[in-house]
Amino acid sequence: MTQEVAKQYKEMLQQYVVGQREEDLYLGQQFSRRFIEKEISPEDVISIHKTALTEILPDMSGKLRHSFDFLIEMMIHYGLALREHQSLVQKQEEIQIEMNVAAKVQETLLKTRKPNFKELDIGYVTEPAKQMSGDYIYFLNDNNYEAGVAVADVIGKGIPAALCMSMIKFGMDSLQNENTSPRNVLDIVNRIVEKSVDDSMFISMFYGKYDARDSRFSYASAGHEPALLYKASTGKFTELHARGLLLGVQPNVVYEEKSVLLEEGDFIVMMTDGVTEVRTDIGFIDDDVIKLILAEVKEESAQKIADTVYQRLAQLQDFHLHDDFTIVIFKKEKNEV
């Protein structure tokens with residue numbers, strides 16, 4: 001079959017060499033599909049061309065004839081490289097399809113419902129740097145006077161991070177009718193993560209709970225970024241630190257729990273390192289930049305505050321996030337309980 005293709009190619013080449021017509025070039029373009037259909041490699045195409053040209057032009061110089069041998073060797077390696085490239089492209093496409101499916105599954109499984117009470121204004125923004133996020137927010141609201149939130153950051157990205165977050169959700173879902181003090185929440189989730197997640201994956205988490213009965217916000221941290229407390233009475237920010245190991249490091253960890261009293265206009269800012277470690281062309285931003293932005297919009301709603309921080313910090317990065325971005329605002333409003 002290859003001989004038949006070679007014979008037809010020689011006839012077409014001879015017509016072009018003699019007449020050099022545009023029609024012959026067009027026929028050659030169409031004939032190239034035959035090489036593909038017959039799975040003739042690039043180096044074999046050059047060999048067919050060399051043989052045909054030698055017969056058409058018997059007086060062709062030896063040096064020109066040998067140049068085709070050089071081209072054949074090049075095409076052999078080119079063909080190998082091309083097939084390898086095509087194989088990689090196919091694998092990347094398959095991975096992308098899997099990532100699309102995983103991202104949709106992540107979005108569906110990790111949904112959470114924001115608590116809604118009059119005394120507490122809640123706003124949040126969570127944006128992945130890539131297709132899948134390593135950040136996670138989970139709201140817990142068992143009654144009409146308590147609102148809890150977990151802000152977690154998986155050290156790692158992609159599908160493994162998504163699987164880790166599913167463990168967090170499983171742990172949080174298991175807290176129904178349990179003691180939901182921040183210390184106890186982190187203890188329960190830590191035990192689940194330590195048993196279920198690979199040793200190479202670690203998770204930081206901040207868990208805070210607001211109690212409308214006494215306007216108190218209690219919190220605990222598993223190696224997470226400290227939250228910020230804004231006091232309207234003084235116009236100052238305070239970092240909320242609490243000692244505690246990352247989730248999944250050890251099975252038995254005692255997490256420190258603290259609390260602060262919120263007054264009208266006060267708000268808590270919980271975030272991941274995608275907020276606190278924003279990187280620009282000239283380096284990392286200073287923490288004071290975040291505080292200045294928060295101070296500018298302190299009178300706005302919780303959602304407006306969160307949106308503004310995201311927009312300003314994204315702009316500093318030319319709207320190209322280097323890390324997953326998550327921020328949650330708990331803002332105290334007038335007493336209604």
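1. Let's start at Ser215, which sits in the loop between strand S4 (202-211) and strand S5 (residues 216-222). Please keep in mind from here on that this is a predicted model. The phi angle of Ser215 is near 55°, a positive value in a residue other than glycine. Most residues other than glycine have a negative phi, so this loop is a good place to pause and look at the backbone. Is Ser215 buried or exposed? Its relative accessible area is 10%, and buried means under 20%, so Ser215 counts as buried.

2. Now compare Gln20, found in the loop between H1 and helix H2 (22-37). Gln20 is not a glycine either, yet its phi is positive, at about 50°. Its surroundings are another matter: the relative accessibility of Gln20 is 59%, and the cut-off for exposed is over 50%, so Gln20 counts as exposed. When you view the two loops, remember that Ser215 is buried, whereas Gln20 is exposed.

3. Here is the overall picture. The chain has 337 residues, and 44% of them are buried. Its secondary structure consists of nine helices and twelve strands. Take the contacts in the chain with a separation of 6 or more: residues 24 or more positions apart account for 71% of them.

4. Next, some aromatic rings. How many aromatic pairs does the structure hold? There are nine. In one of them, the ring centres of Phe217 and Phe330 are 6.1 Å apart and the planes stand at 80°, so this pair is edge-to-face. Follow the chain and you will see that the pair links distant parts of it: Phe217 belongs to strand S5 and Phe330 to strand S12 (residues 325-332), with their positions 113 residues apart. Both Phe217 and Phe330 are buried.

5. Tyr230 and Phe237 make another aromatic pair, and this one is tilted, with 5.0 Å from centre to centre and 50° between the planes. Tyr230 and Phe237 are both buried as well. It is also worth selecting Phe206, Phe217, Tyr219 and Phe330 together in your viewer, since ring pairs link these residues into a cluster.

6. Two helix packings deserve a look. Helix H1 (residues 2-19) packs against helix H3 (residues 42-56) with the axes 9 Å apart and an angle of about 50°. That angle makes H1 oblique to H3, and H1 passes H3 in a right-handed crossing. On the H1 side the contact includes Thr2, Ala6, Tyr9, Lys10, Leu13 and Gln14, which meet Ile48, His49, Ala52, Leu53, Glu55 and Ile56 in H3. Sorted by class, the residues of this contact are seven nonpolar, three polar and two charged.

7. Finally, turn to helix H8 (residues 287-296) and helix H9 (residues 302-316), whose axes come within 9 Å and cross at roughly 140°. How does H8 lie relative to H9? The crossing angle makes H8 oblique to H9. H8 passes H9 in a right-handed crossing. From H8, Val289, Ile290, Ile293, Leu294 and Glu296 meet Ile305, Thr308, Val309, Arg312, Leu313 and Leu316 in H9. In this contact of H8 with H9 you will find eight nonpolar residues, one polar residue and two charged residues.

Definitions and conventions: Residues are numbered from 1 along each chain as its sequence is written. This is a predicted model: local features need pLDDT of at least 70, side-chain atom pairs count only at pLDDT 80 or more; totals for chains, interfaces and linings use all residues. Side-chain values use heavy atoms; hydrogens and water are left out. Axes are lines fitted to C-alpha atoms, for helices over the stretch in contact, and angles run from 0 to 180 degrees between N-to-C directions. Helices (H or I, at least four residues) and strands (E, at least two) are DSSP runs, numbered from the N terminus. Angles under 35 degrees count as roughly parallel, over 145 as roughly antiparallel, 65 to 115 as roughly perpendicular and the rest as oblique. A crossing is left-handed if the near helix is turned anticlockwise from the far one by less than a right angle, and right-handed if clockwise. Contact means heavy atoms within 4.5 Å. Ala, Val, Leu, Ile, Met, Phe, Trp, Tyr, Cys and Pro count as nonpolar, Asp, Glu, Lys and Arg as charged, and the others, Gly among them, as polar. Rings of Phe, Tyr and Trp (its six-membered ring) pair if their centres lie within 6.5 Å; planes under 30 degrees apart count as stacked, over 60 as edge-to-face and the rest as tilted. Buried means under 20% relative accessible area, exposed over 50%, partly exposed in between (1.4 Å probe, protein chains only).
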